[in-house]
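Here is a friendly walk through one protein fold, going from the whole chain down to single residues. Keep the viewer open while you read.

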Amino acid sequence: RYAQSRTLWVDAWARFYRMVYRESAARLESIAEAFARPLRLDDPTEVARQALLWVQGFTFRRDVAGLDFSPPLAAAYEQVADCDARAVVMAILLDHLGIDCVLMLSREYSHAMLGVDVPGGGQRFPFDGRTYLVAETTAGVGLGMIEASQADFSKCLGADLGARR
């Protein structure tokens, strides 16, 4: 029964985030292009690091009294967002540059992060037969680093945004 409930929860949230991603990706194309201009695109790990640094610089704001979600378009332009909006914005940037990502969701931690398919050391999130380098978008830590209290990936679920599939 728990497994079925967990599967339904993942499916519902994955559908929600895929819809948000699809609605936001085209609208953020100009930001993605401007972001990419100064980067060396032949180094996907450095591109992911730069995207992570950018979203980590956003002001944290969470609306627990409302929807508890910041729309990615507003988040990117205003640079104010909660964890899941930052992760979706980062996924849009990286997907625009051809880097595969997976959204990491945790009901237990009330948190979202991003898994990024780039070379590098650090914590990796297993999803769909691959491992993704963890990008913690709200803490000022490097790519592949995560707070120990949130490092139990059995409490995290992956959501494929369906960006390039």
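The protein chain has five helices and seven strands. Please keep in mind that this is a predicted model. Along the sequence, the elements follow the pattern α-α-α-β-α-β-α-β-β-β-β-β.

A few totals set the scene. Of the 165 residues in the protein chain, 46% are buried. Taking contacts between residues at least 6 apart in sequence, 59% join residues at least 24 apart. The exposed area of the protein chain comes to about 8400 Å², and carbon and sulfur atoms supply 52% of it.

**The sheet**

In which order do the strands of the open sheet stand? The five strands are arranged as β5-β6-β4-β3-β7, and their pairing is antiparallel. Because β5 and β7 stand at the edges with a single partner strand each, one side of each is left without a neighbour in the sheet. On average, neighbouring strands of this sheet are turned by 40° against each other, direction ignored. Helix α5 packs on the sheet, where α5 touches β3, β4 and β6. The direction of α5 makes about 20° with that of β4.

The table below goes through the pairings one by one, with residues that stand opposite each other.

| Strand pair | Bridges | Residues standing opposite |
|---|---|---|
| β5 (residues 124–127) and β6 | four bridges | proline 126 and threonine 131 |
| β4 (residues 111–116) and β6 (residues 130–135) | three bridges | valine 116 and leucine 133 |
| β3 and β4 | six bridges | leucine 105 and alanine 112 |
| β3 and β7 (residues 157–159) | three bridges | leucine 103 and alanine 159 |

Leucine 133 of β6 deserves a second look. Valine 116 stands opposite leucine 133, and arginine 124 stands opposite leucine 133 as well.

**Strand β3**

Now follow β3, which spans residues 101–106. Are its residues mostly covered or mostly open? Six of the six residues of β3 are buried. The cover reaches both faces of the strand: Cys101, Leu103 and Leu105 are buried on one side, and Val102, Met104 and Ser106 are buried on the other. Two of these residues also appear in the pairings, as Leucine 105 stands opposite alanine 112 in β4 and leucine 103 stands opposite alanine 159 in β7.

**Turns and positive phi values**

Most residues other than glycine have a negative phi. With that in mind, some backbone positions are worth a click. The hairpin of β3 and β4 has four residues between the strands, and serine 110 in this hairpin has a positive phi near 50°. Serine 110 counts as partly exposed because its relative accessibility is 46%, which lies between the 20% and 50% limits.

The hairpin of β5 and β6 has two residues between the strands. Aspartate 128 in that turn has a positive phi of about 55°.

A further case is glutamine 79, whose phi is near 55°, again a positive value in a residue other than glycine. Glutamine 79 lies in the loop between α4 (72–78) and β2 (80–81). At 34% relative accessibility, glutamine 79 is partly exposed.

**Two buried polar residues**

Where does aspartate 84 lie? Aspartate 84 is part of helix α5, which covers residues 83–96. Its relative accessible area is 7%, so aspartate 84 falls under the 20% limit and is buried. Which side chain does aspartate 84 meet in a polar contact? Its side chain makes a polar contact with the side chain of tyrosine 17, at 2.4 Å.

Glutamine 150 lies in the loop between β6 and β7. Why does glutamine 150 count as buried? Because its relative accessible area is 17%, glutamine 150 comes in under the 20% limit. Not counting residues up to four places away in sequence, glutamine 150 touches Tyr109, His111, Met113 and Glu136.

**Putting the pieces together**

To trace the sheet once more, start at β5, move on to β6, β4 and β3, and finish at β7. On the way, α5 can be found packing on the sheet against β3, β4 and β6, and aspartate 84 lies in that helix.

Conventions:
Residues numbered from 1 in each chain as written. Predicted model: local features only at pLDDT ≥ 70, side-chain atom pairs only at ≥ 80, totals over all residues. Heavy atoms only, no water. Pairing = 2+ DSSP bridges. Buried < 20%, exposed > 50% of the residue type's maximum accessible area, 1.4 Å probe, protein only. Polar contact = N/O pair within 3.5 Å; in protein donor to acceptor, adjacent residues only side chain to side chain. Contact = heavy atoms within 4.5 Å. Axes fitted to C-alpha atoms, helices over the stretch in contact; angles between N-to-C directions. Areas by Shrake-Rupley, 256 points an atom, 1.4 Å probe, with all protein chains shown as cover.
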